[in-house]
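Please examine the sequence and the structure shown here. The paragraphs that follow lead through selected parts of the fold in turn.

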Amino acid sequence: MEETPPPLQAGSKPHLEKLTLGVTRILESSPGVTEVSIIEKLPAERHMISSWEQKNNCVMPEDVRNFYLMTNGFHMTWSVKLDEHIIPLGSMVINGISKLTQLIQSSVYSLPNAPTLADLEDDTQEGNEDHQLEKPHFDCRSAIFELDSCNGNGKVCLVYKNGKPGLAHDTEIWFLDRALYWHFLTDTFTAYYRLLITHLGLPQWQYAFTSYGISPQAKQWFSMYKPITYNTSLLTEESDNFVNKLDPSKVFKSKNKILIPKKKGPVPPASGQKGPGPLPPPTSKPTTGSGNPVRK
């Protein structure tokens, strides 16, 4: 069983700074960011890696092996403070070895004769932006292991492209969205880890690598906390319709503003509308002695 020690402040230990590539200092200096913390995990034992390889009949890639020998998983979170309320926002997760489990062909609804992931398998490349890449398969043609559940927004997976026995050089990192479409992320685990860190663990950041992109709500957070080396053109494209232009330095100010009531002046008449002028004073018409009016 993996132990889960209490979270630590990100800057409390030097080796944690190296693990996060120094991104903690960027977060801690950002407006409104609070509670930047890491759950420190002990290094995995070599026999744990060997046991995983034997159980799953797959050879762990060298960069994945070195990662687990340094830390048995990774979990970093950060929050923002809005109007005295703390909202969890960023989350960066790499499952430990015990949770690096295969996407099994289990029944979706746990009912007799219910469909499985393998039943959804087809030979089309729909949902894959680069048709030159062969997408992973839910059946025995691929071996797929979950690296991150993405808080329910999809799954980041370590994929052995040629099934079992899995060879280390046959691995890629793919993102499985909630519609069960595959999207290629990186060739290696090291490249994916850099993507994870540089995107600051923002919500739904993996959807930036899909054809339909991130949601409007996620774009709001992306515009406030721009990921490192992120392509900002993805934010500006067709974003004027729903993305507010927010200044984080103003949003998170805690000063109480005194509301000064505005004095209402006289309402001027609307331009282009002429009201009736003042009535002329009544004039007495000359009359004759008989009281009949005089005709001119």
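**A guided reading of the model**

In β7, residue L176 is the bridge partner of K155. This pair belongs to a longer run of contacts between strands: β6 (residues 155-160) and β7 (residues 171-176) run antiparallel and are joined by six bridges. The model in which these pairings appear is a predicted one.

The two strands are part of an open sheet of four strands, arranged in the order β5-β6-β7-β8 with antiparallel pairing. Because β5 (143-148) and β8 (182-186) stand at the edges and each have a single partner strand, one side of each is left without a neighbour in the sheet. On average, neighbouring strands of this sheet are turned by 35° against each other, direction ignored. A helix is packed against these strands: α5 lies across β5, β6, β7 and β8, and runs at about 95° to β8.

Beyond α5 the chain enters a loop. T210 is placed in this loop, between α5 (189-198) and α6 (216-224). Is T210 buried or exposed? With a relative accessible area of 9%, T210 lies under the 20% limit, and T210 is therefore counted as buried. The side chain of T210 also reaches the backbone oxygen of Y207, at 2.7 Å.

The helix after the loop, α6, is mostly covered, since seven of its nine residues are buried. The buried residues in α6 are A218, K219, Q220, W221, F222, S223 and M224.

Another set of pairings is found earlier in the chain. Strand β2 (residues 33-39) runs antiparallel to strand β3 (residues 74-82), and four bridges join the two. Here V33 stands opposite V80 of β3. On β3 there is also a pairing with strand β4 (residues 85-94), antiparallel and extending over nine bridges. Within this pairing, L82 stands opposite H85 of β4. The hairpin of β3 and β4 has two residues between the strands, and D83 takes a positive phi near 50° there.

A final consideration is the confidence of the prediction. The protein chain has a mean pLDDT of 77, and 62% of its residues reach 70 or more. Over residues 234-245 the pLDDT is below 50, and this stretch has 16 contacts in the model beyond near neighbours in sequence. The pLDDT is also below 50 over residues 286-296, a stretch with five contacts beyond near neighbours in sequence. Where pLDDT is low, predicted coordinates should not be read in detail.

Note on methods: Residues are numbered from 1 along each chain as its sequence is written. This is a predicted model: local features need pLDDT of at least 70, side-chain atom pairs count only at pLDDT 80 or more; totals for chains, interfaces and linings use all residues. Side-chain values use heavy atoms; hydrogens and water are left out. pLDDT is the predictor's confidence in each residue, from 0 to 100. Contact means heavy atoms within 4.5 Å. Buried means under 20% relative accessible area, exposed over 50%, partly exposed in between (1.4 Å probe, protein chains only). A polar contact is a pair of N or O atoms within 3.5 Å; within protein, one must be able to donate a hydrogen and the other to accept it, and residues adjacent in sequence count only if both atoms are side-chain atoms. Two strands pair if DSSP finds at least two bridges between them. Axes are lines fitted to C-alpha atoms, for helices over the stretch in contact, and angles run from 0 to 180 degrees between N-to-C directions.
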